[in-house]
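Student: Please take me through this model term by term, setting each value against the definition behind it.

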Amino acid sequence: EGQLVESGGALVQTGGSLRLSCAASGFSFDDYVIGWFRQAPGKEREGVACISSSDGSTDYADSVKGRFTASRDNAKDTAYLQMNGLKPEDTAVYYCAAGTCTWEPVGYWGQGTQVTVSS
């Protein structure tokens, strides 16, 4: 059975950096697009980044463009989200998904990891 396990969430100060990891098992990781999402209490779910399966091309939400970088290592079945210049408004639970870059119940989803940015 396919599974995604996220890690790397933490409490960090404004301006700090974190790298989230999304480790896959049980399915052919390199065939799947990877989406990163976040949800903060009281706020709409937001698609943050998307990285293709074919050529590793990426797309980002305007709110994180220039600060976040999505990548993947197909040899390790792992995707990453490097987050720099963190702001308090980046505080949320972050999720990765394999097979979709929109919030929909398809593919595989991680359990979420908490990122908290203090001011």
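Tutor: Let us begin with strands, which here are DSSP runs of E with at least two residues, numbered from the N terminus; two strands pair if DSSP finds at least two bridges between them. The model is predicted: local features need pLDDT of at least 70 and side-chain atom pairs count only at pLDDT 80 or more, while totals for chains, interfaces and linings use all residues. Residues are numbered from 1 along each chain as its sequence is written, and side-chain values use heavy atoms, with hydrogens and water left out.

Student: What makes β5 and β6 a pair, and which residue in their hairpin has a positive phi?

Tutor: Three bridges join β5 to β6 (residues 58–60) in the antiparallel sense, and the rule asks for at least two, so the two strands count as paired. One of the bridges sets A49 opposite Y60 in β6. Six residues lie between the strands of this hairpin, and G56 takes a positive phi near 70 degrees.

Student: How do you know that β4 and β5 pair as well?

Tutor: Strand β4 (residues 34–39) and strand β5 (residues 46–51) are antiparallel and share five bridges, in which G35 has C50 of β5 as its bridge partner. These two strands also form a hairpin with six residues between them, and G42 in the turn has a positive phi of about 80 degrees.

Student: Why are β1 and β7 called edge strands of their sheet?

Tutor: The sheet in question is open and antiparallel, with four strands in the order β1-β3-β8-β7. Both β1 (3–7) and β7 stand at the edges because each has a single partner strand, which leaves one side of each without a neighbour in the sheet. Neighbouring strands of this sheet are turned by 15 degrees against each other on average, direction ignored, where the axes are lines fitted to C-alpha atoms and angles run from 0 to 180 degrees between N-to-C directions. As for the partner of β7, six antiparallel bridges join β7 to β8, and A70 stands opposite L81 in β8.

Student: What makes a group of residues a nonpolar core, and which residues have the most contacts inside the largest one?

Tutor: A nonpolar core is a set of buried Ala, Val, Leu, Ile, Met, Phe, Trp, Tyr and Cys residues joined through side-chain atoms within 4.5 Å; buried means under 20% relative accessible area, exposed over 50%, and partly exposed in between (1.4 Å probe, protein chains only). The largest core here has 29 residues, and W36, V48, F68, L81, M83 and Y94 have the most contacts inside it. Several strands each supply at least two of its residues, among them β3 (18–25), β8 (78–83), β9 (92–98) and β11 (113–118).

Student: Why does R72 have no salt bridge although it is buried?

Tutor: A salt bridge is a side-chain nitrogen of Lys or Arg within 4 Å of a carboxyl oxygen of Asp or Glu. R72 belongs to strand β7, and its nearest side chain of opposite charge (Lys and Arg count as positive, Asp and Glu as negative; His and the chain ends are not counted) is D30, at 6.4 Å; that distance is not within 4 Å, so no salt bridge is assigned. The side chain of R72 does reach the backbone oxygen of F29 at 2.9 Å and the backbone oxygen of S52 at 3.0 Å.

Student: How do you know that R38 and D90 form a salt bridge, and what does the pair tie together?

Tutor: Their closest N and O atoms are 2.9 Å apart, which is within 4 Å, so the criterion is met. R38 lies in strand β4 and D90 in the loop between β8 and β9, so the pair ties together parts that are 52 residues apart in sequence. At 7% relative accessibility R38 counts as buried, and D90 is buried at 0%.

Student: Which other residue is bridged to D90, and what network results?

Tutor: R67 also forms a salt bridge with D90, with 2.7 Å between the closest N and O atoms. R67 sits in the loop between β6 and β7, so this pair ties together parts that are 23 residues apart in sequence. Salt bridges with shared partners join R38, E46, R67 and D90 into one network, and the count by this rule comes to four salt bridges.

Student: Why is D62 called exposed, but K65 partly exposed?

Tutor: D62 has a relative accessible area of 66%, which is over 50%, whereas K65 has 47% and therefore falls in the range between the two cut-offs. These two residues form a salt bridge as well, their closest N and O atoms being 3.1 Å apart.

Note on methods:
Polar contact = N/O pair within 3.5 Å; in protein donor to acceptor, adjacent residues only side chain to side chain.
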